[in-house]
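The following exercises ask the reader to work from atomic coordinates to a description of a protein fold and its contacts. Each task is followed by a solution in steps.

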Amino acid sequence: MGNAPGSTVAELSACESHQWYRKFMTECPSGQLTFYEFKKFFGLKNLSETSNEYVKTMFKTFDMNDDGCIDFMEYVAALSLVLKGGVQQKLRWYFKLYDVDGSGCIDREELLLIFKAIQAISGAEQEISAEEFTDMVFDKIDLNGDGELSQEEFMEGIQADEVLLKMLTQTLDLTHIIKKIYSEINSEQQLH
């Protein structure tokens, strides 16, 4: 099992945990969710290369011990973050997601690439293009003008700007995927 500090099954209710465990073990009897199974689990298929890279980056952020698989504890930690995480926790996770090369900074290309992939996966009509979003983020929060955002710049800048915070949380909102899984869990329970 992965060692995700500070994340426990207790963060979700006992009933929810049992339901998620059953779903996890039904979909993944080995107890280890590979990247392929992760995409299948969330119904992500026929993705463009860019979208696939984004999903791979998301997978890596959930694979906290970097063993190439997501175990149940890592899965619960991810669910807990998505469902119940505070702004600070989510912003740290968003930063990791956008920092594609792991350099500790986000540049324009990384932000643009991930935002385009998110738009492609969500399929939802966006009020603003990926290029406009990227320009807005850098214009508003790259205070030193170096073309990169440190984690501190990113977190402080996003939190200080309600429009950016709202846009970011809406584009990275995974609750629609969680709701889909909940409905599958509920329909499975009605069959038993």
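The exercises below concern this predicted model.

**Exercise 1. Overall architecture**

Task: Determine how many helices and strands the protein chain has, and state the order in which they occur.

Solution.
Step 1. A tally of the elements gives 10 helices and 4 strands.
Step 2. Read from the N terminus, the elements run α-β-α-α-β-α-α-β-α-α-β-α-α-α.
Step 3. The chain comprises 192 residues, and buried residues make up 44% of them.
Step 4. For contacts with a separation of 6 or more, 63% come from residues 24 or more positions apart.

**Exercise 2. Annotated domains**

Task: State which residues the UniProt record lists for "domain: EF-hand", and describe the span 129-164 in the model.

Solution.
Step 1. The unreviewed UniProt entry lists residues 50-85, 86-121 and 129-164 under that name.
Step 2. In the model, the span 129-164 is 69% helix and 8% strand.
Step 3. The end C-alpha atoms of residues 129-164 are 14 Å apart.

**Exercise 3. The nonpolar core**

Task: Identify which residues of the largest nonpolar core touch the most other members, and list what F154 touches beyond its sequence neighbours.

Solution.
Step 1. The largest nonpolar core contains 46 residues.
Step 2. The members that touch the most others are F38, Y54, Y75, Y98, F133, F154 and L168.
Step 3. With residues up to four places away in sequence left out, F154 touches L91, Y94, F95, Y98, I106, I141, L149 and L168.
Step 4. As general background, nonpolar side chains in soluble globular proteins tend to be buried together.

**Exercise 4. A buried acidic residue**

Task: Establish where D107 lies, whether it is paired or unpaired in a salt bridge, and which backbone atoms its side chain reaches.

Solution.
Step 1. D107 belongs to strand β3, which covers residues 105-107.
Step 2. D107 is buried and has no salt bridge.
Step 3. The nearest side chain of opposite charge is that of R108, at 8.6 Å, whereas a salt bridge requires a nitrogen-to-oxygen distance within 4 Å.
Step 4. The side chain of D107 does reach backbone nitrogens: that of E109 at 3.1 Å and that of E110 at 2.8 Å.
Step 5. Leaving out residues up to four places away in sequence, D107 touches F138, G147 and E148.

**Exercise 5. Salt bridges**

Task: Find how many salt bridges the structure holds, and give for each the distance, the location of the partners and their exposure.

Solution.
Step 1. The structure holds 3 salt bridges.
Step 2. D135 pairs with R108, and the closest N and O atoms are 2.9 Å apart. This pair links distant parts of the chain, with D135 in helix α7 (residues 130-141) and R108 in helix α6 (residues 108-122), 27 residues apart. D135 is partly exposed at a relative accessible area of 37%, and R108 is partly exposed at 31%.
Step 3. E131 pairs with K116, and the closest N and O atoms are 3.3 Å apart. E131 lies in helix α7 and K116 in helix α6, so this salt bridge ties together parts that are 15 residues apart in sequence. E131 is partly exposed at 36% relative accessibility, and K116 is partly exposed at 38%.
Step 4. D161 and K140 meet at 3.0 Å, N to O. D161 sits in the loop between α8 (151-160) and α9 (162-171) and K140 in helix α7, so the pair ties together parts that are 21 residues apart in sequence. D161 counts as buried at 15% relative accessibility, while K140 is partly exposed at 37%.

**Exercise 6. Two local sites**

Task: Describe the backbone and surroundings of D66, and decide whether A77 is buried or exposed.

Solution.
Step 1. D66 is not a glycine, yet its phi is positive, at about 55 degrees.
Step 2. D66 lies in the loop between α3 (49-62) and β2 (70-71), and it is exposed, with a relative accessible area of 66%.
Step 3. A77 lies in helix α4 (residues 72-84). Its relative accessible area is 10%, under the 20% limit, so A77 is buried.
Step 4. The C-alpha atoms of A77 and F62 are separated by 8.0 Å, and the two residues are 15 residues apart along the chain.

Methods
Residues numbered from 1 in each chain as written. Predicted model: local features only at pLDDT ≥ 70, side-chain atom pairs only at ≥ 80, totals over all residues. Heavy atoms only, no water. UniProt positions renumbered as here; feature names shortened; annotations may be inferred. Helix = DSSP H or I, 4+ residues; strand = E, 2+ residues; numbered from the N terminus. Core = buried A, V, L, I, M, F, W, Y, C linked by side-chain atoms within 4.5 Å. Buried < 20%, exposed > 50% of the residue type's maximum accessible area, 1.4 Å probe, protein only. Contact = heavy atoms within 4.5 Å. Lys, Arg positive; Asp, Glu negative; His and termini not counted. Polar contact = N/O pair within 3.5 Å; in protein donor to acceptor, adjacent residues only side chain to side chain.
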